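Load the model and keep the selection panel at hand. This tour moves from one selection to the next and says what is there.

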Amino acid sequence: MSNITLHTLSSMKKNGEKFAVLTAYDACFSHLVSSAGVEVILVGDSLGMVLQGNDSTLPVTVEEMAYHTQAVARGNQGSLIMSDLPFMSYATPEQAMDSSAALMQAGANMVKLEGGAWLAETINLLAERGIPVCAHLGLTPQTVNKLGGYRVQGRDKASAQQMINDAVILQDAGASVILLECVPSILAKEITMAVDVPVIGIGAGAGTDAQVLVMHDMLGVTPGRSPKFVKNFMADADTIEEAVANYAKAVKDGSFPAEEHGFE
Ligand code: KIV
């Protein structure tokens, strides 16, 4: 796969072509995922849960994110690498710049942060300094304590409108990508149409420009009950390579997510 850039992703949105995003945290899986045609590798702070065994993403540090980003960058075969800014590493714009510099120097092509319009100044500063930003809206796992659990967001009229406004404000502030997690499918589609930048969904229905899953979830190795939006691609595959390739294909041809994976 040739090198994927922001330009590739926005051209794909313009042409109505879906792209696939998957998490990876080490060099081997990075090599496998990028070789399978997944456009974007997310070095997610979900590593705090699936690799470290914590019950939330809150304990993850910038140093740990930089370590895993470096490993992913070494194995990468041309995907765009997006790395999460972990909890409290962007509480002020200055902190956001230092934390983002660490991730970009470790090999990220873009950083992701969680939150609404209050992040506009931070996103603007980062974007002006050449750091592409993905703004994560909806269920933002770093604020699980405030949200009172991992719940679908934007179900009432006021919070849905707030999310649409946040997406537009953050795009205008310089965000290059928006990510929506656990949002009603209809709302996610509306936001995708309201912004020019690509929108990635997880538990957000089929109307977004791209889909993301946590690798351990789509391989069916995460202990316990899977969230409704997860599909185990290992169930119909003989190898991990085949499962990842089938995931990328299903996202691109629109067969994943199906209606049953979304929320009302
Ligand atoms: O950390 C992560 O893997 C994420 C996805 C759930 C979108 O942010």
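Buried here means under 20% relative accessible area, exposed means over 50%, and partly exposed lies in between. Keep in mind that this is a predicted model.

**Stop 1: the aromatic cluster**

Select F233, Y247 and F256. Ring pairs link these three residues into a cluster. A search of the whole structure finds three aromatic pairs.

Take F233 with Y247. Their ring centres are 5.5 Å apart and their planes stand at 75°, so this pair is edge-to-face. F233 sits in the loop between α10 (215-218) and α11, while Y247 is in helix α11, 14 residues away in the chain. How accessible is Y247? Its relative accessible area is 0%, so Y247 is buried. F233 has 6% and is buried as well.

Now swap Y247 for F256. The rings of F233 and F256 have centres 5.4 Å apart and planes at 85°, so this pair too is edge-to-face. F256 lies in the segment after α11 and F233 in the loop between α10 and α11, so the contact ties together parts 23 residues apart in sequence. F233 and F256 are both buried.

**Stop 2: the salt bridges**

Side chains of opposite charge can pair when their charged atoms come close. The structure holds four salt bridges. Three of the four are on this tour.

Select K252 and E39. Their side chains meet in a salt bridge, 2.3 Å from N to O. K252 belongs to helix α11 (residues 240-252) and E39 to the loop between α2 (27-35) and β2 (40-43), so the pair joins parts 213 residues apart in sequence. Which class does each partner fall in, buried or partly exposed? K252 has 34% relative accessibility, so it counts as partly exposed. E39 has 5%, so it is buried.

Next, select D209 and K13. This salt bridge spans 2.9 Å from N to O. The pair links distant parts of the chain: D209 is in the loop between β7 (199-202) and β8 (210-213), and K13 is in helix α1 (residues 6-14), 196 residues apart. D209 is buried because its relative accessible area is 13%. K13, at 16%, is buried too.

Then select K112 and D84. The closest N and O atoms of this salt bridge are 2.7 Å apart. K112 is in strand β4 (residues 110-114) and D84 in strand β3 (residues 80-84), 28 residues apart. K112 and D84 are both buried.

**Stop 3: strand β5 and its neighbours**

Stay with β4 and add β5. The two strands pair in the parallel sense over four bridges. Which residue of β5 is the bridge partner of L113? It is A135. Now show helix α6 (residues 120-128). With β4 and β5, α6 makes a right-handed β-α-β unit.

Color β5 (residues 133-138) by accessibility. Six of its six residues are buried. Look at the directions of the residues. V133, A135 and L137 point one way from β5. C134, H136 and G138 point the other way. Both sets are buried.

Add strand β6 (residues 177-181). β5 and β6 pair in the parallel sense over five bridges. Select L137 to check the register: its bridge partner in β6 is L180.

**Stop 4: the cysteines**

Go back to C134 in β5, and select C182 with it. Why is C134 in no disulfide with C182? The sulfur of C134 is 15 Å from the closest cysteine sulfur, which is in C182, and that is too far for a bond. The cut-off for a disulfide is 2.5 Å between sulfur atoms. From the other side, C182 is in no disulfide either, with the sulfur of C134 as its nearest, 15 Å away. The count of disulfides comes to zero.

Check accessibility last. C134 has a relative accessible area of 0%, so it is buried. C182 has 5%, so it counts as buried.

Terms used:
Residues numbered from 1 in each chain as written. Predicted model: local features only at pLDDT ≥ 70, side-chain atom pairs only at ≥ 80, totals over all residues. Heavy atoms only, no water. Buried < 20%, exposed > 50% of the residue type's maximum accessible area, 1.4 Å probe, protein only. Phe/Tyr/Trp six-rings, centres within 6.5 Å; stacked < 30°, edge-to-face > 60°. Pairing = 2+ DSSP bridges. Right-handed = clockwise from strand over helix to strand, strands pointing away.
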